[in-house]
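Subject: Structure handover

Dear colleague,

I am handing over the structure below, together with some notes on what was found in it. Please read the notes with the coordinates open beside you.

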Amino acid sequence: MSDLLERLRGRGWRLTSQRRVVAEVLDGEHVHLTADEVHARAVDRLPEISRATVYNTLGELVGLGEVLEVATDGRAKRYDPNAHHAHQHLICSGCGAIRDVHPQGDPLAALPEAERFGFAVSGAEITYRGLCPECVNRP
Ligand SMILES: [Zn+2]
Ligand SMILES: [Zn+2]
């Protein structure tokens, strides 16, 4: 489990039942859900929760820095509770499964000075692609 709920409690974020449900849906390892997926799962737990509330809550969590927005393939943005441990993503080109991965070495250091064009480089997002074990074994 990620410690999203614990982190939010630690910050004194007011946990209404609606906010709690959104945080519970996002809590976990390798969680990268779209806003619509978060809404669908939240409705299972709290049928009256509206799409607008889910979207607003996601926006707040991103603003707090407790959830990251991840853009993959220009598809719908995904929400990632693993916001405090630098990681990259491994994506299955077959089914879209996403795993958090931790490549060795500093991705920033991998970009030589001559390739920086005078930029003060502050971050790097690396996406590894391939087929997950299930898609590899699919007949
Ligand atoms: Zn797959
Ligand atoms: Zn992630």
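Gly 28, which comes just after H2, takes a positive phi of about 145°. Please bear in mind throughout that this is a predicted model. Two other residues have a positive phi without being glycines, and I describe them further down, after the helices.

Overall picture

The secondary structure of the protein chain amounts to five helices and six strands, and from the N terminus on the order of the elements is α-α-β-α-α-β-β-β-β-β-α. Along the principal axes, the C-alpha atoms of the chain fill a box of roughly 55 × 45 × 25 Å. Of the 139 residues in the chain, 35% are buried. If one takes the contacts between residues at least 6 apart in sequence, 49% of them join residues that are at least 24 apart.

Helix H2 and its surroundings

In H2 the buried residues are Arg 19, Val 21, Val 22, Ala 23, Val 25 and Leu 26, and what covers them includes helix H1 (4-10), S1, H3, H4 and S3. A charged residue stands in that list, and I looked at this one separately: Arg 19, found in helix H2 (residues 17-26), has a relative accessible area of 15%, and it counts as buried because this value is under the 20% cut-off. Leaving aside residues up to four places away in sequence, Arg 19 touches Trp 13, Arg 14, Thr 57 and Glu 60.

Two of those partners, Thr 57 and Glu 60, appear again in the contact between H2 and H4. On the H2 side this contact is made by Gln 18, Arg 19, Val 22 and Leu 26, which meet Thr 53, Val 54, Thr 57, Leu 58, Glu 60 and Leu 61 in H4. By class, the residues of the contact of H2 with H4 divide into five nonpolar, three polar and two charged. As for the geometry, H2 and H4 pack at an angle of about 70°, with their axes 10 Å apart, and H2 is therefore roughly perpendicular to H4. The crossing in which H2 passes H4 is right-handed.

Helix H3 and its surroundings

In helix H3 (residues 35-45), the residues Ala 35, Val 38, His 39 and Ala 42 are buried. These four cover an arc of only 100° around the axis, so they lie on the same side of H3. The buried residues of H3 pack against H2, strand S1 (33-34), helix H4 (51-64) and strand S3 (78-80).

How do H3 and H4 cross? Their axes come within 10 Å and cross at roughly 120°, which means that H3 is oblique to H4. H3 passes H4 in a right-handed crossing. The residues that meet are Ala 35, Asp 36, Val 38, His 39 and Ala 42 in H3 and, on the other side, Arg 51, Val 54, Tyr 55 and Leu 58 in H4; sorted by class, this contact has six nonpolar, one polar and two charged residues. Val 54 and Leu 58 of H4 are thus named in the contact with H3 and also in the contact with H2.

Loops and the C-terminal segment

The residues with a positive phi that are not glycines are worth a separate look in the coordinates. His 30, in the loop between H2 and S1, has a positive phi of about 60° although it is not a glycine, and with a relative accessible area of 34% it is partly exposed. Phe 117, placed in the loop between strand S5 (98-101) and strand S6 (127-130), has a positive phi of about 50°, again without being a glycine. Is Phe 117 buried or exposed? Its relative accessibility is 67%, and Phe 117 therefore counts as exposed.

Lastly, Asn 137 lies in the segment after helix H5 (133-136) and is exposed, its relative accessible area being 61%. Asn 137 and Val 67 are 70 residues apart along the chain, and their C-alpha atoms are separated by 33 Å.

With best regards

Definitions and conventions. Residues are numbered from 1 along each chain as its sequence is written. Chains are lettered from A and ligands numbered from 1 in the order in which they are written. This is a predicted model: local features need pLDDT of at least 70, side-chain atom pairs count only at pLDDT 80 or more; totals for chains, interfaces and linings use all residues. Side-chain values use heavy atoms; hydrogens and water are left out. Buried means under 20% relative accessible area, exposed over 50%, partly exposed in between (1.4 Å probe, protein chains only). Contact means heavy atoms within 4.5 Å. The arc is that of the directions from the helix axis to the C-beta atoms. Axes are lines fitted to C-alpha atoms, for helices over the stretch in contact, and angles run from 0 to 180 degrees between N-to-C directions. Angles under 35 degrees count as roughly parallel, over 145 as roughly antiparallel, 65 to 115 as roughly perpendicular and the rest as oblique. A crossing is left-handed if the near helix is turned anticlockwise from the far one by less than a right angle, and right-handed if clockwise. Ala, Val, Leu, Ile, Met, Phe, Trp, Tyr, Cys and Pro count as nonpolar, Asp, Glu, Lys and Arg as charged, and the others, Gly among them, as polar.
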